[in-house]
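Got your viewer open? Load the model, switch to cartoon, and let's take a walk through it.

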Amino acid sequence: MLKVCIVTGTRAEYGILTPLLEGIQKDESLELQLIVTGMHLSPEFGLTYREIEKDGFHIDEKIDMLISSDTTSGIAKSVGIAILGMTEALNRLQPDILLLLGDRYEIFAAAQTAMLLGIVIGHIHGGERTEGAVDESIRHAITKMAHLHFTATEEYRQRVIQMGEQPDRVFNVGALGIEKIRQMQLLSKSLLEKAINFSFLKRNFLITLHPETLLNEKENLGILEALLKAMDAFPDIGLIITGANADACGQKFNQRLKEYVDRQGERAVFQMSLGQLRYFSCLQCCDLVIGNSSSGIIEAPFFKIPTINIGNRQEGRMKAKSIIDCKGITEDIIDAVNNGFFLARQSWMKEVKSVYGTGNTTESIIKVVKKRSCSHLIKKKFYDVLSDF
């Protein structure tokens, strides 16, 4: 059997990966190996590894890497700890291929380790741009360490090739997040209200704001305060606010968000982790998505609702017409929200489509993995685009 190992470090990433995990687990010619690390093992972020086990997945290795710090130095040290743990885990598991999704520092640690151990790497969601985050550099670095590439759009596929990757190793398979939505039976509004202990108002916002990792703490907290002040301008709207990632300044974000919600009475609720079912169910019930999460770019258009994308964290991503970009300034956010209300009333919003595929991503990835001989992939050649001119 072909041993396929997957690493997950965050609740959001795991939710996106579940269709692929299920597909590999069901395939009799593949053996699924699962490494869990990062936020999943942190009490502060809800010990979400328990949700993975409840979903029926066996966790082969747990790598505790987070130290009690949300500074850049703390994150750099966490990467070092992760590399030590990944080395031991991968030496024990001996996978034929390691599949990695995205651009976070936990995944960066896994990619470095696998590259040095001579393990074939398949990278999902390469070729994208997020110019307001350190993720931009991490993503492209993983691309150069990987041997197979599974991009979400044809434009991203061409960008990976532009980086010197062989075209016959780069596949446009769409986004796993879209596939996950199509598979799920979402909660009704009444069941969702019970699940998150919140009564929806006439209009409601779903808010997720992460720090921009290329900004300093003062600048990030300024954007957060601008968002909260903007929300004060809409006192009759319900607010469902989710926690920030384990990035630099993330702990301070969550503390401030909790303080804000505590003063809002019944019109607001804070959920550190909604999980995919409750998150997508909220998307189905809310009027606008606000913040800077990739879910507002990739999944929200599937639900035909506008996204208010704040700041530069997602700058460079391909975006549907339902996405409104704005600066992290109170007045700009208020204007964008009002534009979002206007956008929601337009008849063409019913025809909005995600630019990230149609939802058969798992089948496409597994087909490529099974077809390729891993032993022949480890040696890479640089594809020089300029040689074609």
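Our starting point is a helix and what it leans on. Select α5 (135–145), β6 (148–151) and β7 (170–172): the buried residues of α6 pack against these elements. Keep in mind that you're looking at a predicted model.

Now show α6 itself, residues 154–162, with side chains on. Tyr156, Arg157, Arg159, Val160 and Ile161 are the ones to color, since each of them is buried in this helix. A handy reminder while you spin the view: an α-helix has 3.6 residues a turn, so residues three or four places apart point the same way.

Next, go to the two ends of α6. At the N-terminal end, pick threonine 153, which acts as a cap: one of its side-chain oxygens sits 3.4 Å from the backbone nitrogen of glutamate 155. At the other end, click glycine 164, which follows α6 and has a positive phi, near 100 degrees.

Time to jump along the chain. Select arginine 313, in the loop that links β12 (307–310) to β13 (323–326). Is arginine 313 buried or exposed? With a relative accessible area of 4%, arginine 313 counts as buried, because the cut-off for that label is under 20%.

What does the side chain of arginine 313 reach? Draw a distance to the backbone oxygen of proline 211 and you should get 2.4 Å. Then add aspartate 247: its side chain and that of arginine 313 make a polar contact of 3.4 Å.

Expand the selection to everything arginine 313 touches, skipping neighbours within four places in sequence. Among the residues that show up are Thr130, Glu131, Gly132, Ala133 and Asp135. His210, Pro211, Glu212 and Thr213 are also in contact with arginine 313, and so are Asn245, Asp247 and Asn292.

Finally, zoom out to the whole thing. The cartoon should show 15 helices and 13 strands. The C-alpha trace spans about 60 × 45 × 40 Å along its principal axes. For 389 residues, a compact globule would have a radius of gyration near 21 Å, and the 20 Å found here agrees with that.

Color by burial, and 59% of the 389 residues come out as buried. Switch to a surface: the accessible area comes to about 16600 Å², with 50% of it belonging to carbon and sulfur atoms. If you like contact maps, take the contacts between residues at least 6 apart in sequence; 71% of them join residues at least 24 apart. Last stop, the charges: there are 45 positive and 48 negative, and their mean positions lie 3 Å apart.

Methods:
Residues numbered from 1 in each chain as written. Predicted model: local features only at pLDDT ≥ 70, side-chain atom pairs only at ≥ 80, totals over all residues. Heavy atoms only, no water. Helix = DSSP H or I, 4+ residues; strand = E, 2+ residues; numbered from the N terminus. Rg over C-alpha atoms; globule rule 2.2 N^0.38 Å. Buried < 20%, exposed > 50% of the residue type's maximum accessible area, 1.4 Å probe, protein only. Contact = heavy atoms within 4.5 Å. Areas by Shrake-Rupley, 256 points an atom, 1.4 Å probe, with all protein chains shown as cover. Lys, Arg positive; Asp, Glu negative; His and termini not counted. Charge placed at Lys NZ, Arg CZ, Asp CG, Glu CD. Polar contact = N/O pair within 3.5 Å; in protein donor to acceptor, adjacent residues only side chain to side chain.
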